[in-house]
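Please open the model in your viewer and keep the selection tool at hand. The tour goes from open pockets to an enclosed space and ends at a pair of strands.

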Amino acid sequence: MRSTTVRRSVRRLAGVLLAAGLAPLAGLAAAAPDTLPPRPLFWEQPLADPSVVHDGTRWFAAGTGWRGATSSSVRASAGWVPGAPLLDARPAWARNGDVWAPELVRADDGSWLAYYSVPVSGLPRTDDRCIGVATSPDLATAFTPLHSQPLACPSGAAPVPASDDLERAGGLPRRGVIDPSSYVAPDGRRFLLYRTQGTPSSIRMVRLTRSGLRAAGPSREILRDPGVLENPEMVDARGTHHLLMSRGDFGRCGYRTVWRASASVRKGWERAAEHVLLDHEGSGICGPGGADSSDDAAGRLFVHGWVCDDVNGPCETTYSSHDDPLLRGRRVLYLARLRWTRDGPVVARFTQGPAWTPPPG
């Protein structure tokens with residue numbers, strides 16, 4: 001869908017809702033219709049499933065790609081430049097294949113950790129994966145994987161047992177694990193959240209050692225859902241734990257960001273009501289997912305969405321309708337401001353990135 005068409009749709013929707021006395025956009029604070037859909041921070045470089053951090057000098061983003069895609073900028077709102085692959089090598093226990101959904105977090109000693117998923121042997125499908133961890137002294141240096149073992153993996157799926165060696169749980173398919181997400185509790189304890197592949201979706205949580213390199217005990221399931229629920233991101237706000245997740249088919253515009261809240265880190269998630277934070281209808285972004293919330297005072301929220309040249313959406317009807325992936329479209333980075341209310345998170349506004357510029361020649 002072209003951006004002009006989306007703007008007309010949003011204007012019509014806002015008019016209908018305002019006439020009915022309702023808030024103009026579900027999950028999104030009131031915004032001028034002409035600002036939607038927002039422009040991404042960049043158009044050309046794919047960067048899906050983002051993890052974005054600040055090292056005190058610059059912003060650094062990592063996402064899905066060959067050994068992990070990266071981009072950096074002095075300002076969060078502009079000037080992003082593609083970088084080298086995130087990992088300096090594929091881990092010794094993995095098969096060849098793209099790195100999915102890396103997660104960046106600073107270690108206690110000031111160095112950096114990267115969690116990621118890569119394909120392994122011993123599982124039913126070629127894209128079934130295990131989760132690994134890599135280290136780097138700083139964000140300017142490629143991360144080196146821990147080659148000795150995966151951090152999380154189903155039993156028997158890799159050449160060596162994982163630190164978190166999962167036994168197959170009843171009702172879940174024998175698949176891999178993906179979408180690692182770091183959570184550091186207020187008392188300094190480190191955890192990792194992730195999703196088991198296939199459906200029903202299972203979100204798991206494991207306590208990590210202080211170094212963040214190994215599991216400190218077995219993981220446990222905190223949420224199971226019959227559909228596709230992935231990309232868990234835990235955020236503490238206003239005295240409550242919030243779990244941001246992506247729901248649906250990642251390749252379609254209906255992919256969306258949802259959230260649940262619980263007073264406990266490990267309990268209450270299945271009973272918690274689910275709310276939509278960002279969807280296509282409210283934002284104009286095709287498939288806003290992979291949400292990553294920064295821990296700075298500005299309340300930045302990074303999400304990905306599908307674009308084509310000058311189009312806030314795929315080039316074709318669906319992401320898979322063309323043999324050439326580059327002609328299907330690409331998922332790129334958007335930036336919003338997140339406001340926390342008594343009722344939960346609300347997207348206050350989007351940062352407008354640059355207009356699309358045709359490449360030279």
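A pocket here is an open set of points on a 1 Å grid over the protein atoms alone, with protein on both sides within 12 Å along at least five of seven lines, and lining residues have an atom within 4 Å of a point. The model is predicted, and totals for linings use all residues, whereas local features need pLDDT of at least 70. Residues are numbered from 1 along each chain as its sequence is written.

Select Asp49, Thr64, Trp100, Phe250 and Arg331 to begin: of the 40 residues lining the largest pocket, these are the closest to its centre, and the volume of that pocket is about 1000 Å³, taken as the space filled by probe spheres set on the points. Next, colour α3 (325–328), which gives the most to this lining, with three residues.

Move on to Ser182, Glu233, Ser293, Ser294 and Asp295, the closest to the centre of the second largest pocket among its 27 lining residues; about 710 Å³ of space lies there, and β15 gives the most to its lining, with five residues.

Then select Pro50, Glu103, Pro180, Asn231 and Ala291, which lie nearest the centre of the largest cavity, a cavity being a set of points where a 1.4 Å probe fits but cannot get out. This cavity holds about 130 Å³ of space.

Finally, display β21 (residues 330–341) and β22, which run antiparallel and are joined by six bridges, with Trp340 having Pro345 as its bridge partner. In β22 (residues 344–350), five of the seven residues are buried, that is, under 20% relative accessible area with a 1.4 Å probe, protein chains only.

Definitions and conventions:
This is a predicted model: local features need pLDDT of at least 70, side-chain atom pairs count only at pLDDT 80 or more; totals for chains, interfaces and linings use all residues. Side-chain values use heavy atoms; hydrogens and water are left out. Buried means under 20% relative accessible area, exposed over 50%, partly exposed in between (1.4 Å probe, protein chains only). Helices (H or I, at least four residues) and strands (E, at least two) are DSSP runs, numbered from the N terminus. Two strands pair if DSSP finds at least two bridges between them.
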